[in-house]
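Dear colleague,

Please find below the structure that I am handing over to you. My notes on it follow directly after the display.

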Amino acid sequence: MDKLQTAREHFSKLVEEQLARVAKMKEDTGVVDYAKLDKIIIGCCGGDGIGPAITLEAERVLRAVLKEEVENGKIEFRQIEGLTIENRIAVNKAIPDDVLAEIKACHIILKGPTTTPSKGDGPNIESANVAMRRELDLFANVRPVSVPEEGIDWTFFRENTEGEYALGSKGIMIDEDMSFDFKVITTQGTRRIAQAAFDFAQKNGKKHVAIITKANILKKTDGKFLDICYDVAKDYPDIQADDWFVDIISANLINEKVRNQYEVFVLPNLYGDIITDEAAQIQGGVGTAGSANVGNKYAMFEAIHGSAPRMLETGRQIYANPASMIKAAELLLRHIGHAQKADQVLKALKAANDTIKMTGRSDGATGAEFANCVISNL
Ligand code: IPM
Ligand code: MG
């Protein structure tokens, strides 16, 4: 078949898939109310590298703070084994079918970082993260960053199912000289993340939402994102909405004179990925930040960093800092309606950060010692 024909067919298939996704989003209206469930099932997936070690510590903290709920059957913890890079390679799938079925039988997932082979170092398997976000339709990636002594209290609403990510593993190599990847933005996908950001702002007394794009260059996709966000903003007259290009916002975040004026950000997937690592670094490093991945039905909580395979290779996983996963556990508690317990965990986490020295090596404390300190401060 000639190159052009192959490319046309490839692109048609992508458009068909995305049209089907839009149709599904149009139908999806039901939001699960956790307060109405008899029992909330929390599935714990350790992941790869340091993932199992730090996820276990976060689970211990959760079990301690939810002791009563577990005892009276309101909350059940389940172990989900098998979300490992070895299994993914064996079945050549981002998430093996049996693991996905176990995940879907839970309401909430606590997930350790997973390893994704990047181009050139192994099979072309999609990221387990990206697959889980898509399979569970976790459209809002919510990442809080705060530095109280500087007046920084940011919450990022990263769109989590579209942009470059939706089609990231579906690019096409036309011939040895040319490759394409694709980016997709939809009205429905943007509206729901924008609503999540503005709703959050309204409920939390925030006055400002910054919309981040590169709409001067990516006129169709980012242009749509911008238009829809401003359209949603009309329903929130008390909240000031403005927009910034992603390049200047990355500069402004390190500009101490202006950065504490920002409160809530809404941004497409890839910019959200990049900017939230930058923001986390300002807070003290990617190891300090947790992330909530929220959909209408499911929610998944994780660290924002990777699986640090080198730490596992050198046997240092027991020294990995579980702070990011404990932060994820705090967000989990908030999501299922235990705000007071979430505050308790946050306070205890701060106390542990102030007293325990973690170096990632044997000259520092272990993750278990860190979690014990959190638990004793609850
Ligand atoms: C994140 C991570 C993931 C992403 C990777 C692991 C696929 O960087 O959660 O920010 O790019 O979204
Ligand atoms: Mg990232």
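G367 belongs to helix 15, which covers residues 367-376. In this predicted model, G367 has a relative accessible area of 3%; the limit for a buried residue is under 20%, so G367 counts as buried. Its C-alpha atom is 8.4 Å from that of Q317, although G367 and Q317 are 50 residues apart in sequence.

The segment after helix 15 contains L378. With a relative accessibility of 30%, L378 is classed as partly exposed, because that class lies between the limits of 20% and 50%. Along the chain, L378 and V61 are 317 residues apart, yet 8.9 Å separates their C-alpha atoms.

Ligand 1

Which residues surround ligand 1? They are S127, N129, R133, R143, R158, Y165 and D273. Sorted by class, this shell consists of 4 charged, 2 polar and 1 nonpolar residues. Ligand 1 occupies the space of the second largest pocket.

Three of these residues may be described through their side chains. In R133, an N or O atom of the side chain is 2.7 Å from an oxygen atom of ligand 1. For R143, the distance from a polar side-chain atom to an oxygen atom of the ligand is 2.8 Å. For Y165, the corresponding distance is 2.6 Å, again between a polar side-chain atom and an oxygen atom of ligand 1. Ligand 1 taken alone exposes 320 Å², and the protein buries 79% of that area.

A buried arginine in a loop

R259 is found in the loop that runs between helix 10 (246-252) and strand 10 (264-267). Is R259 buried or exposed? Its relative accessibility is 5%, and R259 therefore counts as buried. The side chain of R259 also has a partner: it makes a polar contact with the side chain of E150, at 2.7 Å.

Residues with positive phi

Most residues other than glycine have a negative phi. Two residues in this model call for a remark in that respect.

N92, which is not a glycine, has a positive phi of about 50°. N92 is placed in the loop between helix 4 (85-91) and helix 5. Its relative accessible area is 54%, and since the exposed class begins over 50%, N92 is exposed.

A308 is likewise a residue other than glycine with a positive phi, in this case near 45°. The loop that holds A308 connects strand 12 (299-303) with helix 12 (309-313). A308 has a relative accessible area of 28% and is therefore partly exposed.

A loop after helix 5

Where is A105 located? A105 is in the loop between helix 5 (97-104) and strand 3 (108-111). A relative accessible area of 41% makes A105 partly exposed. A105 and G306 are 201 residues apart in sequence, and in space their C-alpha atoms are 26 Å apart.

For a first look at the display, I suggest the surroundings of ligand 1, including R133, R143 and Y165, followed by the contact between R259 and E150.

With kind regards

Conventions. Residues numbered from 1 in each chain as written. Chains lettered and ligands numbered in written order. Predicted model: local features only at pLDDT ≥ 70, side-chain atom pairs only at ≥ 80, totals over all residues. Heavy atoms only, no water. Near = heavy atom within 4 Å. Polar contact = N/O pair within 3.5 Å; in protein donor to acceptor, adjacent residues only side chain to side chain. Areas by Shrake-Rupley, 256 points an atom, 1.4 Å probe, with all protein chains shown as cover. 1 Å grid on protein atoms, 1.4 Å probe; cavity = no way out; pocket = protein on both sides within 12 Å on 5 of 7 lines; lining within 4 Å. Sits in = over half its atoms within 2 Å of the grid points. Nonpolar A, V, L, I, M, F, W, Y, C, P; charged D, E, K, R; others polar. Helix = DSSP H or I, 4+ residues; strand = E, 2+ residues; numbered from the N terminus. Buried < 20%, exposed > 50% of the residue type's maximum accessible area, 1.4 Å probe, protein only.
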